[in-house]
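Reader: I have a model on screen and want to read its packing. Can you take my questions one by one?

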Amino acid sequence: MRALLPVVLGAAMMLAGCMPGATPSTRVEADRPPLPGVDVRLSAVDEAGKGVPVKWQDETLTLREPPLATSADIADVRSVLDDNGFTVLQIRYRPEAQRRIHDGTAAMVGQRMAISVDGRVLMVATVHGPFSDSMNLSGLAGSDAMALEKHITGSAPMER
C-alpha cells in the first residue's frame, strides 16, 4: 500500500474543491478513524507566507500552524457516492471538534485550505462554505478514493 500512496496522492492533486459533506442520517457501520501514525491535516494556506513552507504541484505554499484539524479530530473516513454518483472521500469529524472546525472554516470562506496526508499535500481548494461535521474531497477516481481510504484507516472500503 505504501508503494501506491505516491500514485494516489498524485491523482488526488487534481481535486476540484473542498465542500461541506452530507451528513448521513443513520450510520450502520462502525466508525473508521485514521490509523495511529497516519497524519491527516486540514491547514489554512497563508498568502502572506507565514507558516510552514510545502510544495504542491509547481507552487510553494505556506501552511499556517497549528492546523485547523488533525487526525485526532477525525471520527470516520470512507469513500462514498455523492449526489451526482461520483465517488468522494468523506471525512467526518468528532463532535468535540465540530464547533472549532465550523468557526475556522467560516472565517476561511473564499480562501484556500490544504489537505495533507503524511506530510504530502493532497489538494488545495477554496473553501465554499463553513463545515463542521464532515467534508468531502471530490475529484478522485473511485479507485483512488478507496485506496486513500484504505491507507488512512487500514480497512478495505465497504461494499456499496
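Author: The answers below cover the cores, one sheet and one strand residue of this predicted model.

Reader: Which residues touch the most other members of the largest nonpolar core?

Author: The largest nonpolar core holds 28 residues. Strands β2, β6, β7, β8, β9 and β10 each supply at least two of its residues, and so do helices α2 and α3. The members that touch the most others are L42, Y93, M135, L137 and I152.

Reader: How many residues does the second core have?

Author: This core is separate from the largest one. Its members include V54, W56, L63 and A114. The count is 8 residues.

Reader: Which strands are the edges of the open sheet of 4 strands?

Author: The order is β5-β2-β8-β9, with antiparallel pairing. An edge strand pairs on one side only. That picks out β5 (69–70) and β9.

Reader: Which residue stands opposite A114?

Author: β8 (112–117) covers position 114. β8 and β9 pair in the antiparallel sense over 6 bridges. The residue opposite A114 lies in β9 and is V124.

Reader: Is S43 buried or exposed?

Author: S43 lies in strand β2. Its contacts beyond four places in sequence are L63, R64, P67, L68, M113 and A114. Of these, L63 and A114 are also members of the second core. The relative accessible area of S43 is 3%, under the 20% cut-off, so S43 is buried.

Notes:
Residues numbered from 1 in each chain as written. Predicted model: local features only at pLDDT ≥ 70, side-chain atom pairs only at ≥ 80, totals over all residues. Heavy atoms only, no water. Core = buried A, V, L, I, M, F, W, Y, C linked by side-chain atoms within 4.5 Å. Buried < 20%, exposed > 50% of the residue type's maximum accessible area, 1.4 Å probe, protein only. Pairing = 2+ DSSP bridges. Contact = heavy atoms within 4.5 Å.
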